[in-house]
Amino acid sequence: MSTHFSQADHRYMARALKLAQKGLYTTDPNPRVGCVIVRDEKIVGEGYHLRAGEPHAEIHALNAAGEQAQGATAYVTLEPCSHTGRTGPCAQALILAKVARVVVAMVDPNPRVSGSGIRLLEDAGIEVAVGLLESEARALNPGFIARMTLQRPFVRLKMAMSLDGRTAMGSGESQWITGPEARTQVQRLRARSSAILSGVESIIMDDSRLTLRAEQLKLGNVDEVLHRQPLRVILDTRLRLPLAAACLSEPGRTLVITTPAHAAEKRARLTKAGAEVQVLPAGIDGRIDLGLMLKWLAENEQINELLVETGATLAGAMLDAELVDELQLFVAPTLLGGEARPLFALPGLSRMADQRRLMIHDIRAVGRDWRIIASPQVTSATDESTVP
């Protein structure tokens, strides 16, 4: 297996990654994959995976290349599959096309198939090179990687706040803190997500629909994106979700997760109103076990990326349980005052040593607002190298 790459290899793999991005909003629960086939320093075929159940990127590229695939090099952002699912194995298709070389950005993270596609290609006498632009390829599929390796989704927590760190007035009024450009970015976060998670308190307060809206997405392929509404997941320990909640009448599915402590008639009423109700064991505090909930979503609903849009209590609980992979914080240039509601409920932080530090990855203007992308910092807050 080779790991030597030329400048041309980098150029063609970069093209394959750009193609893979075209499936950002549509491939779920499959990974986003792009493929470029090159012969005699010329691209003869390319393709990307668009939707689960439809041909994979390699098949589109091979179909475009035709007989020119023989003796060519294929650049693929994810290891070609070696098993038959709803489509045939792509590794076998590359073998039958008689390609001479396959360059792979990253190995399939699924432990049941990882490396088997590469072995199949090598056993057929095809040269394989692995690891080109791997970090960029991994960034395309954080949810698929998390589901395959951690058995839970990649959890992205989205919050909108004022400059003084408040999310709503004391009365609960919150629409709108941020401007239309920020709301478009939130719609795109929803569109790339497998599911949107909220707590019942937020639904009661805002009557959120948790849906994709064509007029706010502002995408050229909006019809393809709207083909799939993310699963709406509502945590509701005491089954307080109103039967007339707007999310129950929206296209797509609404899943209410609760604990066993509630009467069957409550669950039946919600089911009749349009919800699906799933009972999961409670944690030691009697509330829904968040870690178990994430594993259940990954295993039973194939959730890759989970977008959390909720209030301070659930947001704080997710952070406290170390279940948040990324935060996207939208900051509006406004002040709501000391009586307004805080961003996170994080009890028990009484000393500076208790603070929860974040690693900032990106800060940029979004219309009149700012977006901060961050992740919880692993290093202890008491580490002198991290405390100013």
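How many bridges join strand β6 (residues 154–162) to β13, and do they run parallel or antiparallel? The close-ups below, all taken from a predicted model, begin with that pairing.

**View 1. Strand β6 beside strand β13.** Here is the reply to our opening question: 7 bridges link β6 to β13, and the two strands run parallel. To find your place in this view, look for Leu157, whose bridge partner in β13 is Leu327.

**View 2. Strand β13 beside strand β16.** Now turn to β16, which spans residues 369–376. Its link to β13 consists of 5 bridges, and these strands run antiparallel. A handy landmark is Gln328, which stands opposite Ile373 of β16.

**View 3. Strand β13 and its burial.** This strand covers residues 326–332, and 7 of the 7 are buried, so β13 is largely enclosed by the rest of the structure. Follow the side chains along the strand: Glu326, Gln328, Phe330 and Ala332 point one way, while Leu327, Leu329 and Val331 point the other way. Whichever way they point, all of these residues are buried.

**View 4. A cavity in the model.** Searching the whole structure for cavities of 30 Å³ or more turns up 1. The largest cavity holds about 60 Å³ of space. Which residues line the largest cavity? You can pick out Leu24, Thr27, Asp28, Asn30, Pro31 and Arg32, together with Asn141, Gly143, Phe144, Asn304 and Glu305. Sorted by character, the lining of the largest cavity has 3 nonpolar, 5 polar and 3 charged residues.

How values were computed. Residues numbered from 1 in each chain as written. Predicted model: local features only at pLDDT ≥ 70, side-chain atom pairs only at ≥ 80, totals over all residues. Heavy atoms only, no water. 1 Å grid on protein atoms, 1.4 Å probe; cavity = no way out; pocket = protein on both sides within 12 Å on 5 of 7 lines; lining within 4 Å. Points joined across faces, edges and corners; volume = space filled by probe spheres on them. Nonpolar A, V, L, I, M, F, W, Y, C, P; charged D, E, K, R; others polar. Buried < 20%, exposed > 50% of the residue type's maximum accessible area, 1.4 Å probe, protein only. Helix = DSSP H or I, 4+ residues; strand = E, 2+ residues; numbered from the N terminus. Pairing = 2+ DSSP bridges.
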